[in-house]
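Me: Please take a close look at the aromatic rings in this model and explain, step by step, how they pair and where the paired residues sit.

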Amino acid sequence: MAGKVVIYTDGACRGNPGPGGWGALLIFGEQEKELYGGERETTNNRMELRAAIEALGALTKTCEIELYTDSVYVKNGIQAWMKKWKTNNWKTANKKPVKNRDLWEALDDLSFQHRISWHWVKGHAGDPGNERADALANRGIDQAD
């Protein structure tokens with residue numbers, strides 16, 4: 001297993017739905033990599049998921065990861081809800097189809113390739129990694145417009 005990687009992810013939307021962006025900051029020792037992208041018509045939740053997917057997909061080796069997100073949706077989905085969704089054939093407790101299933105499945109596949117500790121951080125509260133991920137997500141929106 002490669003070394004420890006710290007990842008900060010964020011998604012943003014101007015309107016929800018509307019133009020959206022995702023951003024990720026990957027830190028490995030002294031090295032940093034910034035990733036971002038966007039879509040013309042999307043939702044904030046989709047961009048939060050894309051940020052984590054793109055960050056994990058950029059890794060070329062199996063890693064130990066500390067992943068920080070300001071999305072309770074992403075953190076709870078991966079840690080608390082996904083197992084039950086899969087058991088229930090991707091249906092919620094209310095028997096409705098899970099929203100963003102395509103992205104949840106992609107995130108699930110990528111998460112098995114690494115040892116990930118998921119952390120929630122309060123957004124827009126001065127955490128330097130989260131602020132940088134937010135700036136990258138907004139750059140992604142600008143690119144998508």
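The aromatic rings and their surroundings

Reply: Tyr73, Trp81, Trp85, Trp90 and Trp104 are joined into a cluster by ring pairs, where rings of Phe, Tyr and Trp (its six-membered ring) pair if their centres lie within 6.5 Å, and planes under 30 degrees apart count as stacked, over 60 as edge-to-face and the rest as tilted. This is a predicted model, in which local features need pLDDT of at least 70 and side-chain atom pairs count only at pLDDT 80 or more, while totals for chains, interfaces and linings use all residues. Residues are numbered from 1 along each chain as its sequence is written, and side-chain values use heavy atoms, with hydrogens and water left out.

Under the pairing rule, six aromatic pairs are counted. In one of them, tyrosine 8 and tyrosine 68 have ring centres 4.9 Å apart and planes at 20°, so this pair is stacked. Because tyrosine 8 belongs to strand E1 and tyrosine 68 to strand E4, the pair ties together parts that are 60 residues apart in sequence (strands, E, of at least two residues, and helices, H or I, of at least four, are DSSP runs numbered from the N terminus). Tyrosine 8 is buried, with a relative accessible area of 14%, whereas tyrosine 68, at 22%, is partly exposed; buried means under 20%, exposed over 50% and partly exposed in between (1.4 Å probe, protein chains only).

Tryptophan 81 and tryptophan 85, by contrast, make a tilted pair, with 5.8 Å from centre to centre and 50° between the planes. These two residues are four apart in helix H2, so about one helical turn separates tryptophan 81 from tryptophan 85. Tryptophan 81 is partly exposed, with a relative accessible area of 35%, while tryptophan 85, at 9%, counts as buried.

Another member of the cluster, Trp104, leads us to helix H3. The buried residues of H3 (residues 101-111) are Leu103, Trp104, Leu107, Asp108, Leu110 and Ser111. Viewed down the axis of H3, they fall within an arc of 165°, so they line one face of the helix (the arc is that of the directions from the helix axis to the C-beta atoms). Among the elements that cover these buried residues are H1, helix H2 (72-87) and E5, contact being heavy atoms within 4.5 Å.

Finally, the strands that carry the two tyrosines, E1 and E4, can be placed in the sheet. Five strands form this open sheet of mixed pairing, in the order E3-E2-E1-E4-E5, where two strands pair if DSSP finds at least two bridges between them. Strand E3 (31-42) and strand E5 (115-120) stand at the edges with a single partner strand each, so one side of each is left without a neighbour in the sheet.
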